[in-house]
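Have the sequence and the 3D view side by side, and turn the view slowly as you read. We will walk through the fold one part at a time.

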Amino acid sequence: MKIILSTFPNERDARDTDYDWLDKGIAACTQIQGLTQSLYKWNGDIINEQERKISLKASNENVERVYGVMFENHFYDTPSWIVIDATG
C-alpha cells in the first residue's frame, strides 16, 4: 500500500481527479484537505499561492496508473508527487 501526496490549484480540479481515480478503481481512498499556502520558485520567479493538498491510498500495483491519470489531467507542468510506503 502506498500513500500519495500532491497539490492542486483549486478544489474542483482536486475533486475531479479524485473522482477519476476512484471511478477507475485505482485509488482506495482519497482526501482533499483545506487550503494551504505554497511558495516555490518557477521560471526564475518566487510564486506564492493557495493550493489544495490531496492524499490518497493506492496499491503498489496501481501507483503508475494513478501517476498517469494525474499527469494527463493536471493543470501544472510538474505537479508535486510524493509516494510513501505505508506497509509497516
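The paragraphs below go from the whole chain to the sheet, then to the helices, and end with a few side chains.

This is a predicted model, in which local features need pLDDT of at least 70 and side-chain atom pairs count only at pLDDT 80 or more, while totals for chains, interfaces and linings use all residues. Residues are numbered from 1 along each chain as its sequence is written, and side-chain values use heavy atoms, with hydrogens and water left out.

Let us begin with the parts list. The protein chain contains 2 helices and 4 strands. Here helices (H or I, at least four residues) and strands (E, at least two) are DSSP runs, numbered from the N terminus. If you follow the sequence from its start, the pattern reads β-α-β-β-α-β.

Next, look at the overall form. The C-alpha trace spans about 35 × 25 × 25 Å along its principal axes. For 88 residues, a compact globule would have a radius of gyration near 12 Å, and the 13 Å of this protein chain agrees with that. The radius is taken over C-alpha atoms, and the globule rule is 2.2 Å times the number of residues to the power 0.38. Buried residues account for 34% of the 88 residues, where buried means under 20% relative accessible area, exposed means over 50%, and partly exposed lies in between (1.4 Å probe, protein chains only). Two residues are in contact when heavy atoms are within 4.5 Å. Of the contacts between residues at least 6 apart in sequence, 64% join residues at least 24 apart.

Now find the sheet. In what order do its 4 strands lie? The order is S2-S3-S1-S4 in an open sheet with antiparallel pairing. Strands S2 (29–42) and S4 (82–85) form the edges, each pairing on one side only. From one strand to the next, the twist averages 25 degrees; such angles run from 0 to 180 degrees between N-to-C directions, and the axes are lines fitted to C-alpha atoms, for helices over the stretch in contact. Strands of a sheet pair through backbone hydrogen bonds, either parallel or antiparallel. By the rule used here, two strands pair if DSSP finds at least two bridges between them.

You can check the pairings one by one. S2 and strand S3 (residues 45–58) run antiparallel and are joined by 12 bridges; Ser38 stands opposite Glu49 in S3. S1 is joined to S3 by 7 bridges, again antiparallel, and there Leu5 faces Ser55 in S3. On to S4: 4 bridges join S1 to this antiparallel strand, with Asp85 in S4 as the bridge partner of Lys2. Why is S1 described as largely enclosed by the rest of the structure? Because 5 of the 7 residues of S1 are buried.

The helices come next. Helix H1 (residues 11–24) lies across strand S1 (2–8), S2 and S3, at about 130 degrees to S2. Helix H2 (residues 63–73) lies across S1, S3 and S4, at about 10 degrees to S1.

To see how strand and helix meet, zoom in on Phe8, which sits in strand S1. Phe8 is buried, with a relative accessible area of 1%. Setting aside neighbours within four places in sequence, Phe8 contacts several residues, including Ala14, Trp21, Ile54 and Tyr76. Another of the contacts of Phe8 is Asp13, whose place is in helix H1. Asp13 counts as buried at 17% relative accessibility. Beyond its own neighbours within four places, Asp13 contacts Phe8 and Phe75.

Finally, turn to the aromatic rings. Rings of Phe, Tyr and Trp (its six-membered ring) pair if their centres lie within 6.5 Å; planes under 30 degrees apart count as stacked, over 60 as edge-to-face and the rest as tilted. By this rule there are 4 aromatic pairs. One of them is the edge-to-face pair of Tyr67 and Trp81, at 5.1 Å centre to centre with 75 degrees between the planes. Tyr67 is in helix H2 and Trp81 in the loop between H2 and S4, 14 residues apart. Tyr67 counts as partly exposed at 34% relative accessibility, and so does Trp81 at 23%. Phe71 and Trp81 also form an edge-to-face pair, 6.1 Å centre to centre with 65 degrees between the planes. Ring pairs thus link Tyr67, Phe71 and Trp81 into a cluster.
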